[in-house]
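Thank you all for coming. I would like to walk you through a structure that is new to this group, and I will go slowly so that you can find each residue as I name it.

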Amino acid sequence: RQAEADWVSLTDVRVRAFGMMSAVRGGKHRQYRPSLAILDDPDSEETVGTTRLRDKQQGKVVAGLAFGLEPMVGRLFMVGTPLHPDCLVCRFTKPDFDSRWLKLRFAAIQEDGTPLWPERWTIEALQEEEDAAPEAFAMEMMDTPPSAGKPFETIHYYDREEWRDVDLPKILAFDP
């Protein structure tokens, strides 16, 4: 069955796409639950406006994906920009949120002042980007939610040396 947002490959792999305003459930394919879910930018201006909306979006993700994936092998990847200090990206990466989950957050400029991707961005190029659009740079490159007039704490969990010998899952996320 082929459709724009729901199709099955020739090797019997089902691929489904959902918008964040839709219900994310019923993901079984024949007798199998999904083994991989990728959330790309799970937050939007419409979903971060109130605590009630943020709670509702979190409930959808937890119920539909965290408990809807194939037991013991299911994986959930969330790739996103923090749009609010209490958005899903920030909620799901807090140290005390579900200890079963591995949480990695990235800042383009590391605490020691070096670039995360030195082959791609020099520190001078990053500083030029920051000077051009400070708020956008903070959100997109430094993984920092807008303050919304309130203080916030950003915690980065990625230390290249700490993870050097760890076999992390390979995933490519393209966010144009």
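I will start with the chain as a whole and then turn to individual residues and pairs.

Please keep in mind from the start that this is a predicted model, so that every value I mention is a computed one. The secondary structure of the protein chain comes to four helices and four strands, and if you read along the sequence you will meet them in the pattern β-β-β-α-β-α-α-α. The protein chain has 176 residues, and buried residues make up 30% of them. As for its surface, the accessible area comes to about 12,100 Å², with 55% of that belonging to carbon and sulfur atoms. If we take the contacts in the chain with a separation of 6 or more, residues 24 or more positions apart account for 59% of them.

Let me now move to the charged side chains. How many salt bridges does the structure hold? There are four salt bridges, and I will take you through three of these. In one of them, the side chains of Asp-55 and Arg-91 meet, with a distance of 2.8 Å from N to O. This pair links distant parts of the chain, since Asp-55 is in helix H1, residues 51-66, while Arg-91 is in helix H2, residues 88-92, and the two are 36 residues apart. The partners also sit in unlike surroundings: Asp-55 counts as partly exposed because its relative accessibility is 42%, whereas Arg-91, at 10% relative accessibility, counts as buried. Arg-91 also takes part in a salt bridge with Asp-86, where the closest N and O atoms are 2.9 Å apart. Looking at the wider arrangement, you will find Arg-54, Asp-55, Asp-86 and Arg-91 linked in a network of salt bridges.

Another salt bridge joins Arg-105 and Asp-143, with the closest N and O atoms 2.5 Å apart. Here too the pair links distant parts of the chain, Arg-105 being in the loop between H2 and helix H3 (123-132) and Asp-143 in the segment after helix H4 (134-140), at a separation of 38 residues. Is Arg-105 buried or exposed? Arg-105 is buried, and Asp-143 is buried as well.

The next topic is aromatic rings. A search of the whole structure finds one aromatic pair. It is made by Phe-92 and Phe-97, whose ring centres are 4.6 Å apart and whose planes are at 35°, so the pair is described as tilted. Both of these phenylalanines, Phe-92 and Phe-97, are buried. There is also an arrangement of a charge and a ring to look at, in which the charged end of Arg-120 sits over the ring of Trp-121, at 4.6 Å from the centre of that ring.

Turning to the surface, I would point you to a nonpolar patch of about 230 Å², which is made by Trp-7, Val-13 and Val-15. Of these residues, Trp-7 lies in strand E1, residues 6-8, and Trp-7 is partly exposed, because its relative accessible area is 34%.

Now please find Arg-75, which lies in strand E4, residues 75-79. Arg-75 counts as partly exposed, at 44% relative accessibility. If we leave out residues up to four places away in sequence, Arg-75 touches Ser-35, Leu-36, Ala-37 and Leu-69. Arg-75 and Pro-34 are 41 residues apart in sequence, and their C-alpha atoms are 8.7 Å apart in space.

Finally, I would like to draw your attention to the backbone at two aspartates. Which value does phi take at Asp-41? Phi of Asp-41 is near 50°, a positive value in a residue other than glycine. You will find Asp-41 in the loop between strand E3 (36-40) and H1, and Asp-41 is partly exposed, with a relative accessible area of 28%. Asp-98 likewise has a positive phi, of about 40°, although it is not a glycine. The place of Asp-98 is in the loop between H2 and H3, and with a relative accessible area of 22% Asp-98 is partly exposed.

That brings me to the end of the tour, and I am happy to go back to any of these places with you.

Note on methods
Residues numbered from 1 in each chain as written. Predicted model: local features only at pLDDT ≥ 70, side-chain atom pairs only at ≥ 80, totals over all residues. Heavy atoms only, no water. Buried < 20%, exposed > 50% of the residue type's maximum accessible area, 1.4 Å probe, protein only. Patch = residues over 30% accessible without salt bridge, like charges linked within 9 Å, V, L, I, M, F, W, Y side chains within 5 Å. Areas by Shrake-Rupley, 256 points an atom, 1.4 Å probe, with all protein chains shown as cover. Phe/Tyr/Trp six-rings, centres within 6.5 Å; stacked < 30°, edge-to-face > 60°. Lys NZ or Arg CZ within 6 Å of the ring centre and 35° of its normal. Contact = heavy atoms within 4.5 Å.
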